[in-house]
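Hi,

Here is the model I said I would pass on. Have a look at it first, and my notes on what turned up follow underneath.

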Amino acid sequence: MVDLDCKTKMPSKSPKLSNKLHVCIPTPYRGASKSPISCSDSVCAAYEQYFRLPELRKLWSSKEFPNWKEGSVLKPALQALEITFRFVSVVLSDPRPYANRREFKRRLESLATSQIQLIAILCEEEDGAGGAPIVDLTASNGVLARTGSSAEVWKIPGGESTLVNRTSEYSLLPRLATWQKSEDVAEKIMYTIECEMRRCPYTLGLGEPNLAGKPNLEYDAVCRPNELHALKKTPCDHIDNHENQTLYTTHQILESWIFTTQQLLKRIVSRIENKEFEGASNDCYLLERIWKLLAEIEDLHLLMDPDDFLRLKNQLSINSGAESDPLCFRSRGLFEITKSSQDLKHKVPEILGVEVDPSGGPRVQEAAMRLYSEKKDFVKIHLFQGMQAVEAALKRFFYAYKQVLAVVMGSLEAKANRVVVNAEACDSLSHVFLEPTYYPSLDAAKTFLGEFWSHEKKR
């Protein structure tokens, strides 16, 4: 039991209500005592080499446009989308008669839509063009050099202005639109780009109609599709197993979004430190959606043929039993964004403008109660709700990952080859989603307020 002093001025207290409410705070899960740790350096290095992450990282972090503020966040997201276009080609070219092409096709359509929605949100953040490398098509008077693009000149019926619709020359999406097998997928993606980019100051230039005649992003210069698709072959390309390319492409998309998340987390921390709470709140909700996207990417493993995948697992010598931690923590990036997302909890006192009581008193909790009840700094409330939404999405990701691991590799593999798993010997994957709340002060403040209004109802 915890005594919470009700020192804050609360609306219309009941005369029968004591100034102390006894609120039960749940005890932490006993198996959550150890923090998850990444796998050994040698295992992580092997993971990175297989997916060619050092080469991808150079593309993600290149600085061709130093004045573009959002470039570090947006570029790897665009590259993940471009790799998704390649994935469509891989799936529809699969010669195996037993491959589940129909469902894979629908999943990739949905994945592309989710990515475009997030890219559009990132583009909305920019003030005007925000230093983005764009081509203003309305200023060209219908004339546009064809170097590096294909251009289409047209006029709005009954209008005077001439518009130019520019399409990337090196992206795979326009090519998919010309292939009978993928034509419907490509057209749907193009119309999704047109709809989702409506609030943005520019559009992507991937063949979408661009009915508003917006400036086009220099997609080929930013995304560098030629260099990106040069990394389509795995170091183990000699392995005769079609799931090799499926696994490889899935994880390249995943790692691209993980890199985007790393940059976004840096921006969240910077905005909190600069008191830009509204921007930090928007970024937290974006971060929540990215965690959900990562789960959607991992779900693609469910469509892999069981026999082919397990044979590939043996061919690649993938064995979770060799390490005490799950396969996902072979990704240093995933481990880093997990820890950084958890570490947002340390920003709570700074946001509230109080210091942690060294004697363990409820100073932070009382400040949170004042914030929630007075509603004066509602932007901070939005930020806290966003931070707790990130926590929920993170824990859902790892819970879902464990289920995917069990379906794809078998339940024994999901338990890291432990025949018996109890609360004391909990694996680090279960630890993440069974861990108690990252925000105990916010949790206790809400618990107290709930008890307060419960007593008010009984007056």
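Before the helix lengths, one convention: the expected span of a helix is 1.5 Å times one less than its number of residues. Please also keep in mind that this is a predicted model.

With that convention, take α10, which has 22 residues: its first and last C-alpha atoms are 32 Å apart, close to the 32 Å expected. Of those 22 residues, 16 are buried, so α10 is largely enclosed by the rest of the structure.

α15 follows the rule too. This helix has 32 residues and reaches 46 Å between its end C-alpha atoms, close to the expected 46 Å. Just after α15 comes G410, with a positive phi of about 105 degrees.

Then there is α14, which covers residues 363-374. Its twelve residues should span 16 Å at 1.5 Å a residue, and the 17 Å between its end C-alpha atoms agrees with that. Its buried residues are V364, Q365, E366, A367, A368, M369, L371 and Y372. After α14 you reach K375, where phi is positive, near 60 degrees.

Now the whole chain. The protein chain has 18 helices and six strands. There are 459 residues, and 53% of them are buried. If you take the contacts with a separation of 6 or more, 74% are between residues 24 or more positions apart. The chain exposes about 21,500 Å², and carbon and sulfur atoms supply 51% of that area.

On to the pockets. The largest one has a volume of about 520 Å³. It is lined by 27 residues, and the closest to its centre are Y47, F51, L247, I318 and L327. Three elements give two or more residues to this lining: α1 (41-50), α9 (243-273) and α15 (378-409). By class, the lining has 20 nonpolar residues, five polar and two charged.

Two of those lining helices also hold residues I looked at one by one. A46 lies in α1, and counts as partly exposed because its relative accessibility is 47%, in between the 20% and 50% cut-offs. Along the chain A46 is 284 residues from R330, yet their C-alpha atoms are separated by 8.8 Å.

In α9 the one to find is Q263. Q263 is buried, because its relative accessible area of 15% is under the 20% cut-off. Leaving aside neighbours within four places in sequence, Q263 is in contact with S72 and V73. The C-alpha atoms of Q263 and E70 are separated by 9.6 Å, with their positions 193 residues apart along the chain.

Another pairing across the sequence involves K69, in the loop between α2 (53-61) and α3 (71-92). K69 is exposed, with a relative accessible area of 63%. From K69 to G131 the C-alpha distance is 6.8 Å, although the two are 62 residues apart in sequence.

S114 sits in α4 (residues 101-124). Its relative accessible area is 17%, so S114 is buried. Not counting residues up to four places away in sequence, S114 touches L293 and E296.

Last, the backbone. Most residues other than glycine have a negative phi. Which residue in the loop between α7 (219-223) and α8 (225-229) is worth a look here? That would be R224, which has a positive phi of about 55 degrees although it is not a glycine. R224 is buried, with a relative accessible area of 19%.

K275 is a second case: its phi is positive, about 65 degrees, and K275 is not a glycine either. You will find K275 in the loop between α9 and α10 (277-298). Is K275 buried or exposed? With a relative accessible area of 51%, K275 is exposed.

That's what I have for now. Shout if anything is unclear.

Cheers

Methods:
Residues numbered from 1 in each chain as written. Predicted model: local features only at pLDDT ≥ 70, side-chain atom pairs only at ≥ 80, totals over all residues. Heavy atoms only, no water. 1 Å grid on protein atoms, 1.4 Å probe; cavity = no way out; pocket = protein on both sides within 12 Å on 5 of 7 lines; lining within 4 Å. Points joined across faces, edges and corners; volume = space filled by probe spheres on them. Helix = DSSP H or I, 4+ residues; strand = E, 2+ residues; numbered from the N terminus. Nonpolar A, V, L, I, M, F, W, Y, C, P; charged D, E, K, R; others polar. Buried < 20%, exposed > 50% of the residue type's maximum accessible area, 1.4 Å probe, protein only. Contact = heavy atoms within 4.5 Å. Areas by Shrake-Rupley, 256 points an atom, 1.4 Å probe, with all protein chains shown as cover.
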